[in-house]
Amino acid sequence: MPNSKPTTPFSGKMERKGNQGEIAGILVEFLEVAITSVVYLKGIYPSGAFERKRYMNVVVQRARHPQLREYIHSAVSGLLPSIQKGLVERVAVTFFNTDNIPMERFIFKLTVNQSFGSKVEESDLEFSLRSFLIKLSVSQPLTTVLPRDCRWEIMAYFRSLPQVSTSKDAEMWIPTDTKQWQQPPLITPIKSMNSEPLGLQLYLEHPSSSELVSG
């Protein structure tokens, strides 16, 4: 899109109650924006499928197509209760080839200190998360070129399974039968932070060369 196109604030604020709710709310908002940035970065949709927005004082991309935007928003929002309880270990954006085998994963590894009792300075937390969005926007050279007909999905890895809930958000998450790599993946770090009460790592996973040969 032209550089002269104006940007508007990204809207998707969630209700935050208490210290853990505030941390989890900020993190879920960030994940929604970051995952959209990943999908835009991979170029599997036309650039016109996105529009420029401003979030945390950074220009980001927001999905224009209602179904794409709702999928990302609903999936990440459904993790909010589990993130508040410290159950979510990783959130992944996984890209598959036509044989339904993972070819690339963007991993967000989360650590939320449940016992942190001090007041969270939202501005400090957002300053740290902003650097992930900036780094992500220039990380394309680290990624793999994917086939045109690839597909992708959002996956979550839990430290322990959340209790059965009747909430609509919880029903978004079901066990997956996705094929897994048989060998340890190749890992490429992108960005990390480790400061109370939140630790976050962003890295890429690719199949090993032996995995590609055997596949």
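Strand β5 makes the biggest contribution to the lining of the second largest cavity, supplying three residues. That is a good place to enter this structure, which is a predicted model. The cavity itself holds about 40 Å³ of space, and its walls are formed by I83, G86, V88, L110, T111, V112 and R159. Counting those of 30 Å³ or more, there are two cavities.

Let us step back for a moment and look at the whole chain. The protein chain has five helices and eight strands. Reading from the N terminus, the order of these elements is β-α-β-β-α-α-β-β-α-β-β-β-α. Of the 215 residues, 47% are buried. Among contacts with a separation of 6 or more, 74% are between residues 24 or more positions apart, and we will meet some of these distant partners along the way.

Now to the interior. The largest nonpolar core contains 54 residues, and F30, I83 and F108 are those with the most contacts inside it. Helix α1 provides the largest share of this core, with 13 residues. As background, nonpolar side chains in soluble globular proteins tend to be buried together. One of the names just mentioned, I83, also appears in the lining of the second largest cavity.

F108 deserves a closer look. Leaving aside residues up to four places away in sequence, F108 touches F30, L31, A34, I35, V38, E89, R90, V91, V93, L200, Q201 and L202. What is the relative accessible area of F108, and is the residue buried or exposed? The value is 0%, and since buried means under 20%, F108 counts as buried.

Aromatic rings add another layer to the picture. There are six aromatic pairs in the model. In one of them, the ring centres of F30 and F108 are 6.3 Å apart and the planes meet at 85 degrees; an angle over 60 degrees counts as edge-to-face, so this pair is edge-to-face. In sequence the partners are 78 residues apart, with F30 in helix α1 (residues 18–42) and F108 in strand β5 (residues 102–112), so the pair links distant parts of the chain. Like its partner, F30 has a relative accessible area of 0% and is buried.

F30 has a further aromatic partner in F132. Their rings are also edge-to-face, at 6.1 Å from centre to centre and with 80 degrees between the planes. Because F30 belongs to helix α1 and F132 to helix α4 (residues 122–137), this pair ties together parts of the chain that are 102 residues apart in sequence. Both F30 and F132 are buried. Taken together, F30, F108 and F132 make up one aromatic cluster.

Apart from the largest core there is another core of six residues, with F96, M155, Y157 and Y203 among them. Two of these rings have a charged partner. The charged end of R151 is placed over the ring of F96, at 4.1 Å from the ring centre. R90 lies over the face of Y157, also at 4.1 Å from the centre of the ring. R90 is a residue we have met before, as one of those that F108 touches.

The loops offer some backbone details. For context, most residues other than glycine have a negative phi. M56 departs from this pattern with a positive phi of about 55 degrees, although it is not a glycine. Where does M56 lie? Its place is in the loop between β2 (50–55) and β3 (58–63). With 9% relative accessibility, M56 counts as buried.

N100 is another residue other than glycine with a positive phi, here near 65 degrees. N100 is found in the loop between β4 (88–96) and β5. Its relative accessible area is 27%, so N100 is partly exposed.

Our last stop is W181, in the loop between β6 (151–158) and β7 (186–195). W181 has a relative accessible area of 11% and is therefore buried. In sequence, W181 and M103 are 78 residues apart, while in space their C-alpha atoms are 9.5 Å apart.

Terms used
Residues numbered from 1 in each chain as written. Predicted model: local features only at pLDDT ≥ 70, side-chain atom pairs only at ≥ 80, totals over all residues. Heavy atoms only, no water. Phe/Tyr/Trp six-rings, centres within 6.5 Å; stacked < 30°, edge-to-face > 60°. Helix = DSSP H or I, 4+ residues; strand = E, 2+ residues; numbered from the N terminus. Buried < 20%, exposed > 50% of the residue type's maximum accessible area, 1.4 Å probe, protein only. Lys NZ or Arg CZ within 6 Å of the ring centre and 35° of its normal. Core = buried A, V, L, I, M, F, W, Y, C linked by side-chain atoms within 4.5 Å. Contact = heavy atoms within 4.5 Å. 1 Å grid on protein atoms, 1.4 Å probe; cavity = no way out; pocket = protein on both sides within 12 Å on 5 of 7 lines; lining within 4 Å. Points joined across faces, edges and corners; volume = space filled by probe spheres on them.
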